[in-house]
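Work through the exercises below with the sequence and the model open. Each task is followed by a solution in steps.

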Amino acid sequence: DLLYLDTGDMTPIEFTAQLHLREAKIIVERNLMNTNGIILIDDIRSCIPFEHGETIDLGKGYLSIPYLLKNGFEIVMDEYQTVLRKI
């Protein structure tokens, strides 16, 4: 499985981060990913939010990434995009 999350704008972060968290909860609660399934979250390590006064690290994934890590996923790559794998 490969799921690409690029929901919403990079600013304001809070609104988009809440959307990402809702999506992550649906993925986990409905067990939509197979073992070794990949989730790619876009626009994580971007300077654009900071240019607009945001102070939150991890961009639009700042809520969904910790949630996924607590619910059976691990980080495979953490750059501009974050890639997680279901374990």
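**Exercise 1.** Decide whether Asn 31 is buried, partly exposed or exposed.

Solution. In this predicted model, the relative accessible area of Asn 31 is 54%. The cut-off for exposed is over 50%. Asn 31 is therefore exposed. As to its place, Asn 31 sits in the loop between α1 and β2 (38–41). Its backbone has a positive phi of about 50°, although the residue is not a glycine.

**Exercise 2.** Find the class of Asn 36 in the same way.

Solution. Begin with the location: Asn 36 is in the loop between α1 and β2. Its phi is positive, about 75°, and Asn 36 is not a glycine. Relative accessibility comes to 44%. Partly exposed covers the range between under 20% and over 50%, so Asn 36 counts as partly exposed.

**Exercise 3.** Locate the cis peptide bond that involves Pro 12.

Solution. The bond joins Thr 11 and Pro 12, with omega about -5°. Pro 12 belongs to the loop between β1 (2–5) and α1 (13–29).

**Exercise 4.** Describe the largest nonpolar core and the contacts of Leu 68.

Solution. The core has 14 residues, of which Ile 39, Ile 41, Leu 68 and Phe 73 touch the most other members. Two or more residues come from each of α1, β2 and α3 (64–70). Next, set aside the neighbours of Leu 68 within four places in sequence; Leu 68 is then in contact with Ala 24, Val 28, Ile 39, Ile 41, Phe 73 and Leu 84. In soluble globular proteins, nonpolar side chains tend to be buried together.

Definitions and conventions: Residues are numbered from 1 along each chain as its sequence is written. This is a predicted model: local features need pLDDT of at least 70, side-chain atom pairs count only at pLDDT 80 or more; totals for chains, interfaces and linings use all residues. Side-chain values use heavy atoms; hydrogens and water are left out. Helices (H or I, at least four residues) and strands (E, at least two) are DSSP runs, numbered from the N terminus. Buried means under 20% relative accessible area, exposed over 50%, partly exposed in between (1.4 Å probe, protein chains only). A nonpolar core is a set of buried Ala, Val, Leu, Ile, Met, Phe, Trp, Tyr and Cys residues joined through side-chain atoms within 4.5 Å. Contact means heavy atoms within 4.5 Å.
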